Amino acid sequence: MSVKETILEKKEHKAIVFRMNRKEAASVARYIKDHSGSPELAFAIDVDTMELILQAKTAREEDFLLFEGEADVFDIEDSEIEEETVVEEEADGEER
């Protein structure tokens, strides 16, 4: 008799999360659309302040968008490993 066991390995993934309301998300979408012709459009994260900075090379400093972030930890499934265990039975019905 053969029994298959599935082992899931989980890891923690640290991330900076930026939660936006509809108005903020619309601002980001509008900014990208307005500056899509820019030779350089950058999403940057300031690791000291945990702010998301969205800027285009052709934009003025007052046009930059800033969003406050927060640290969060996510559980992610890393890999799935299937192992097969073979269980042999003797003639009298006992497992070996």
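This is a short walk through the fold of one chain, from its overall layout to its sheet and its core.

Please keep in mind throughout that what we have here is a predicted model. The chain has 96 residues, of which 15% are buried, and its secondary structure comes to one helix and five strands. Reading from the N terminus, the order of these elements is β-α-β-β-β-β. If we take the contacts between residues at least 6 apart in sequence, 60% of them join residues at least 24 apart. As for the surface, the chain exposes about 7900 Å², and carbon and sulfur atoms supply 47% of that area.

Let me turn to the sheet. As a general reminder, strands of a sheet pair through backbone hydrogen bonds, and they do so in either a parallel or an antiparallel way. In our model, three strands form an open sheet in the order 2-3-4, with antiparallel pairing. Strand 2, residues 41-46, and strand 4, residues 65-68, are the edge strands, and because each of them has a single partner strand, one side of each is left without a neighbour in the sheet. From one strand to the next, the twist averages 15°.

Now to the individual pairings, beginning with strand 2 and strand 3, which are joined in the antiparallel sense by six bridges. One of the bridge partnerships here is between Asp46 and Glu51, the latter lying in strand 3. These two strands form a hairpin with four residues between them, and Met50, in the turn, has a positive phi of about 55°. On the other side of the pairing scheme, strand 3, residues 51-56, meets strand 4 in the antiparallel sense over four bridges, and there Leu52 stands opposite Phe67 of strand 4.

That brings me to the interior. In soluble globular proteins, nonpolar side chains tend to be buried together. Which residues make up the largest nonpolar core in this chain? There are nine of them, namely Phe18, Val28, Tyr31, Leu52, Leu54, Ala56, Ala59, Leu65 and Phe67. Helix 1, residues 22-34, strand 3 and strand 4 are the elements that give two or more residues to this core, and the largest share, three residues, comes from strand 3.

Finally, I would like to look at one core member, Ala56, in its surroundings. Leaving aside neighbours within four places in sequence, Ala56 is in contact with Tyr31, His35, Ser38, Glu40, Leu41 and Phe64. Tyr31 belongs to the nonpolar core as well.

Key
Residues numbered from 1 in each chain as written. Predicted model: local features only at pLDDT ≥ 70, side-chain atom pairs only at ≥ 80, totals over all residues. Heavy atoms only, no water. Buried < 20%, exposed > 50% of the residue type's maximum accessible area, 1.4 Å probe, protein only. Contact = heavy atoms within 4.5 Å. Areas by Shrake-Rupley, 256 points an atom, 1.4 Å probe, with all protein chains shown as cover. Pairing = 2+ DSSP bridges. Axes fitted to C-alpha atoms, helices over the stretch in contact; angles between N-to-C directions. Core = buried A, V, L, I, M, F, W, Y, C linked by side-chain atoms within 4.5 Å.
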